[in-house]
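Welcome! Please take a moment to look over the protein below, and then read on for a short tour.

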Amino acid sequence: MTFCEYRPGLEGIPVTQSSISFVDGQRGILEYRGYSIEELAQYSTFLETSYLLIWGSLPSKDELAEFEHEIRYHRRLKYRIRDMMKCFPESGHPMDALQACAAALGLFYSRRALDNPVYIRDAVVRLLAKIPTMVAAFQMMRKGNDPVQPRDDLNYAANFLYMLNEREPDPLAARIFDICLTLHAEHTINASTFSAMVTASTLTDPYGVVASAVGTLAGPLHGGANEEVILMLEEIGSIENVEAYLDDCIQKKSKIMGFGHRVYKVKDPRAIILQSLAEQLFEKFGKDEYYDIAVALEHAVEVRLGTKGIYPNVDFYSGLVYRKLGIPTDLFTPVFAIARTAGWLAHWKEQLNENRIFRPTQIYTGSRGTPYEPIEKRDSVEDQELMELVTG
Ligand code: ACO
C-alpha cells in the first residue's frame, strides 16, 4: 500500500463502500437506496424512509405498521432520564443536552449484542423513538415546565410538534415537518456520519455511536449552520443591507452561512424542496420577515460566487421553515439530529456487516530524537520568544 497523499479534510478520499445513499454534486442529485429525494419527499414518510435506509428496502404495509407501532410504544423516557435532564442548566445548548441524553441511554440498555438482530432492532427503535422526546422535554424543562407526554394517536412528526408546543399541530405543518425530517435523514459520508462510523468501528454500543455523531453535527460548519443562518439574516436586517453584508464577508474571507458544500457545486436539491415548503407555509400562515432577505442574499451570492460553485445548501432555507413551525432557533440543529439519527443508524448497521476498525495514518511533521532536558534548564516559551525578538 503506497498511497500517501495528504488531503486536508479527506477531500475526495473514499473511506468506505456504501449502498445507502448517492449524491451527484454537479447535477444536484440525491438518492436514498436508489430512490430520488424528490419522490421520497412527495410520497414517503420519515419513518418509512428510515426503514428504507436502515433495512435497505421499502417496507410492506404490515412491516411499516409494525415499525410505527414499536416506535410509538418506545417514545416515553424513563423517569431517571427526565430527572437527569432536570439537572442540566437552562442556558446550556440543546445539542449538548441531546448528546448527554443519547449517551445516557447506553446506561439503561447496556447489553451489547451486536450480532443479535433483536438487539439491533431494539436499539434502532429506541433511538428513533426517544430522541424527539428528549429534544422536546429539554425545551419544556428549560422553560420551567414538566415535559409533555407523547400522544399515541399522533404520528411521528405531529407528536414532536405537539410535545414542543403543547398543542396539536395543523395537518399541513405536521406534513411539512415530516418532509423536512425525510430531507435531513441521510447524506452519504458527511462529518457526523463519518464520526458515527469511526465510533461504530470500535464495536461500541449504538447509543455511544449516536452521541458521538450528535457532538459532530453540532458545529457551525455542519448541522449548526441552520441556526447561524437565522442569526445572519437577523444581522443583515433588510434587503438594502444584503450587498454590503456580502462585500464585507468576501473582503474578510468569512463564510456565508448556509452556502457552499464539499460535494454540491449547484443548489442543493434539498434546499430547492425546503424553499418550496417554506413558500407553502407562508401562503397559509403568513410570510416570514426574513424570507425576502434570504432570497436577495441567494441571488447576490449566485452573482458573486456562483462561478466558484457556492450555492445554498440544506441549511439555508430549513430555518425559515422551522421558524414558521414554532421551533426555537437553537432547536434547529437538534431537529436535524432527530432526522439524521436514521442515517447514522443505517451506517452503523452497514459498518457492522463488514467491520474493520478505522485506523488511518498521518504524515508526521514534528522533531525526532529530541534529548530530554531537566525542567530547571528549560526556558519558557515566552522567554524563547523574547530571546528571538532581542536577537532578531
Ligand atoms: N461563503 C463564502 N465562500 C465560501 C463558502 C461560503 N459559505 N463556502 C466555501 N467558500 C469558498 C471558500 O472561501 C473557498 O474559496 P477559495 O478557494 O478562494 O479559498 C472555496 O469556496 C472552497 O471552500 P472550502 O472551505 O475549502 O470548502 P470545504 O469543502 O472545505 O467546506 C463547507 C465546505 C464547510 C460546507 C463550507 O462551504 C462552509 O463553511 N459553508 C458555510 C457553513 C455551512 O453552511 N455549513 C453547512 C454545510 S451543509 C451540512 O453540513 C449539513
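The report below goes from the whole chain to a few of its parts.

**Before we start**

This is a predicted model, where local features need pLDDT of at least 70, side-chain atom pairs count only at pLDDT 80 or more, and totals for chains, interfaces and linings use all residues. Residues are numbered from 1 along each chain as its sequence is written, and side-chain values use heavy atoms, with hydrogens and water left out.

**The whole chain**

The protein chain contains 17 helices and 3 strands; helices (H or I, at least four residues) and strands (E, at least two) are DSSP runs, numbered from the N terminus. Its C-alpha atoms fill a box of roughly 75 × 60 × 45 Å along the principal axes. What radius of gyration does the protein chain have? The value is 23 Å, which agrees with the figure near 21 Å for a compact globule of 392 residues. That radius is taken over C-alpha atoms, and the globule rule is 2.2 Å times the number of residues to the power 0.38.

Of the 392 residues, 50% count as buried. Buried means under 20% relative accessible area, exposed over 50%, and partly exposed in between (1.4 Å probe, protein chains only). Among contacts (heavy atoms within 4.5 Å) between residues at least 6 apart in sequence, 77% join residues at least 24 apart.

**Helix α2 and the rings**

Helix α2 covers residues 46-55, and 9 of its 10 residues are buried, so the helix is largely enclosed by the rest of the structure. Its buried residues include Phe46, Glu48, Tyr51 and Ile54. After α2 comes Gly56, which has a positive phi, near 90 degrees.

How many aromatic pairs does a search of the whole structure find? There are 14. Rings of Phe, Tyr and Trp (its six-membered ring) pair if their centres lie within 6.5 Å; planes under 30 degrees apart count as stacked, over 60 as edge-to-face and the rest as tilted. Here are two of the pairs.

| Pair | Centre to centre | Angle between planes | Type |
|---|---|---|---|
| Phe46 and Tyr156 | 5.2 Å | 40 degrees | tilted |
| Phe316 and Tyr317 | 4.8 Å | 70 degrees | edge-to-face |

The pair of Phe46 and Tyr156 links distant parts of the chain: Phe46 sits in helix α2 and Tyr156 in helix α7 (residues 156-165), 110 residues apart. Both Phe46 and Tyr156 are buried. Phe316 counts as buried because its relative accessibility is 0%, and Tyr317 is buried with a relative accessible area of 0%. Phe316 and Tyr317 also belong to a cluster that ring pairs build together with Phe259, Phe282 and Tyr291.

**Two residues to find**

Try Leu305 in helix α14 (residues 291-305). Leu305 is buried, since its relative accessible area is 12%. Leaving aside neighbours within four places in sequence, Leu305 is in contact with Ile250, Ile256 and Ile310. Val214 is 91 residues from Leu305 in sequence and 31 Å from it in space, C-alpha to C-alpha.

Next, look for Arg82 in helix α4 (residues 79-86). Is Arg82 buried or partly exposed? Arg82 is partly exposed, because its relative accessible area is 23%. Not counting residues up to four places away in sequence, Arg82 touches Leu77, Met141, Pro147 and Gln149. Between Arg82 and Tyr245 there are 43 Å in space, C-alpha to C-alpha, and the two are 163 residues apart in sequence.
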